[in-house]
Amino acid sequence: MSDDYLVRIGKLIRDARQHRGWTQAQLAEALATSQSAVNRIERGNQNISLEMIARIGEALDSEIVSLGYAGPMHLRVVGGRRLSGAIDVKTSKNACVALLCASLLNKGRTVLRRVARIEEVYRLLEVLGSIGVRTRWINEGVDLEIVPPATLDLDSIDADAARRTRSIIMFLGPLLHRMDRFMLPYAGGCDLGTRTVEPHMIALRRFGLEIAATEGQYHAVVNRSVHPDRPIVLTERGDTVTENALLAAARHDGVTVIRNASSNYMVQDLCFFLEALGVKVEGIGTTTLTVHGMETIDVDVDYSPSEDPVEAMSLLAAAVVTESELTVRRVPIEFLEIELAVLEEMGLDHDRTAEYVADNGRTRLVDLTVRPSKLEAPIDKIHPMPFPGLNIDNVPFFAAIAAVAQGQTLIHDWVYDNRAIYLTDLNRLGGRLQLLDPHRVLVEGPTRWRAAEMMCPPALRPAVVVLLAMMAAEGTSVLRNVYVINRGYEDLAERLNSVGAQIEIFRDI
């Protein structure tokens with residue numbers, strides 16, 4: 001927008017605010033931003049998106065500045081630019097959604113620090129609000145306060161919001177201690193093929209939970225006479241399965257042993273949070289967790305989730321694919337050591353600082369500096385394994401990295417039914433990826449990227465991989481309908497722009 005339009009819009013916003021009788025601080029709180037940002041907007045000194053104008057109009061109930069429904073969000077990417085400087089890793093998306101579900105265990109006030117402001121979190125907040133949980137952004141929109149009601153109103157649950165997130169399935173563990181019967185909408189989220197909920201049912205059945213899935217709903221009944229009288233052995237070492245078992249065990253008045261548990265980053269963060277609630281958890285970071293549950297949890301708790309290793313990998317891949325020198329700060333190194341070992345084998349030039357501790361007091365962080373490197377394809381295939389193996393969600397980034405390396409790389413994404421298929425979207429940008437079967441892709445490099453206009457893949461990580469390739473491609477690309485990226489990343493375009501990218505957000509209006 002031109003400076004003149006920014007000034008005119010700023011005056012309209014100021015007049016609407018004053019007409020409502022609000023101060024700048026009150027408007028800032030409604031928008032989850034700072035008073036200084038509102039002041040800049042009203043003076044015309046702040047670039048402002050159409051989305052923000054619509055949000056302001058809604059907050060002020062003013063037709064003057066409201067644009068109504070603005071339609072899907074798209075990205076226009078001017079590629080071929082080198083990145084430089086430093087960028088911080090945000091808090092973990094997967095940890096934050098697990099902690100939101102875990103807040104249902106607590107009768108007291110929960111404050112989560114630096115919560116990721118992403119669509120997945122917003123959907124869960126809509127669900128929590130619909131059943132009576134009071135949530136509000138505090139400290140200039142940085143932190144989140146959660147206060148539960150005495151009784152949850154599940155009859156009023158926002159089913160549309162619930163179906164747009166996979167995380168709703170993690171309500172099962174906390175809710176089985178709060179009511180004898182309840183219903184939840186089917187879990188939604190990324191289009192990654194059929195992922196059975198049966199491992200969740202097997203684990204939670206040991207706490208008396210029986211589920212019948214009919215007509216788009218999970219119908220839950222709890223048998224209070226059933227308790228886990230021997231160790232629970234998970235049939236898959238999944239992250240959310242482990243989290244659900246932990247959430248159920250936390251309010252079980254006794255000792256629960258969980259075997260074949262995931263020890264991944266979001267599970268560890270959940271364990272640290274449960275300890276802050278007063279629940280003793282032994283074996284954190286291993287595949288056997290021993291939980292000393294509490295029948296009632298009623299404490300005021302303040303917790304800081306750690307940084308997101310998958311976002312760290314995204315930023316690292318952005319530097320590699322665009323042949324840039326970039327420092328990625330606050331990297332949870334424990335959860336990226338295998339990835340870095342593979343990249344070192346491929347020839348990545350990088351260094352790291354000494355380790356320091358995250359705000360949760362437990363997770364180890366470093367700052368990583370990546371430099372332009374001549375990469376060679378790895379000898380072995382790229383494939384995920386449960387932690388401490390290569391992270392399942394980091395596999396797609398190796399498709400873009402392998403595309404700039406010399407030689408052939410086999411990527412075996414065995415976990416999801418069809419995520420590998422979406423990686424072949426890179427071919428529209430000049431990549432040479434051959435789909436061998438629904439789980440295996442052969443990547444030929446190096447790649448001369450070219451600009452293109454295309455729809456965003458419906459899976460989060462492949463969508464970001466396409467965006468990274470667009471950043472490397474000379475010319476202007478368009479990525480349409482990027483809601484799935486907003487599910488998992490906070491202000492990704494703006495943050496990449498801060499280190500030299502040129503990405504414009506626009507809508508069809």
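Okay, let's start with a word I'll lean on: buried means under 20% relative accessible area. By that cut-off F335 is buried, because its relative accessibility is 5%. Keep in mind that this is a predicted model.

So, aromatics to begin with. There are three aromatic pairs in the structure. F335 is in one of them, with Y265: the ring centres are 6.0 Å apart, the planes are at 65°, and the arrangement is edge-to-face. Y265 sits in helix α11, while F335 is in the loop between β14 and α13, so the pair joins parts of the chain 70 residues apart. Y265 is buried too, at 4% relative accessible area. And there's a third ring here: Y265, F335 and F387 are linked into a cluster by ring pairs.

Stay on helix α11 for a second. F273 in that helix reaches Y303 in strand β13, 30 residues apart. Their planes are at 70° and the centres 5.8 Å apart, so that pair is edge-to-face as well. Buried or exposed, F273 and Y303? Both are buried.

Helix α11 also has a charged contact. E275 makes a salt bridge with R362, with 3.0 Å between the closest N and O atoms. R362 is in the loop between β16 and β17, 87 residues apart from E275. E275 is partly exposed at 28%, and R362 is partly exposed at 42%.

That same loop between β16 and β17 holds D359, which is linked to R330 in strand β14. Here the closest N and O atoms are 3.7 Å apart. D359 comes out partly exposed, at 48% relative accessibility.

One more bridge: E453 with R480, closest N and O atoms at 2.8 Å. This one ties strand β21 to strand β22. How many salt bridges are there in the whole structure? The search finds 34. Some join up: E29, R109, R134, R136 and E145 form a network.

Arginines also turn up over rings. R76 has its charged end over F506, 4.1 Å from the ring centre, and R117 lies over the face of W137 at 3.9 Å.

Last bit, the nonpolar side. The largest core has 154 residues, and F171, F182 and W449 are among those with the most contacts inside it. Helix α16 gives the largest share, eleven residues. F182 touches residues including L154, L209, Y218 and V222. Apart from that core there's another, with 15 residues, L31 and M52 among them.

How values were computed
Residues numbered from 1 in each chain as written. Predicted model: local features only at pLDDT ≥ 70, side-chain atom pairs only at ≥ 80, totals over all residues. Heavy atoms only, no water. Phe/Tyr/Trp six-rings, centres within 6.5 Å; stacked < 30°, edge-to-face > 60°. Helix = DSSP H or I, 4+ residues; strand = E, 2+ residues; numbered from the N terminus. Buried < 20%, exposed > 50% of the residue type's maximum accessible area, 1.4 Å probe, protein only. Lys NZ or Arg CZ within 6 Å of the ring centre and 35° of its normal. Core = buried A, V, L, I, M, F, W, Y, C linked by side-chain atoms within 4.5 Å. Contact = heavy atoms within 4.5 Å. Salt bridge = Lys/Arg side-chain N within 4 Å of Asp/Glu carboxyl O. Lists of a residue's contacts leave out its neighbours within four places in sequence.
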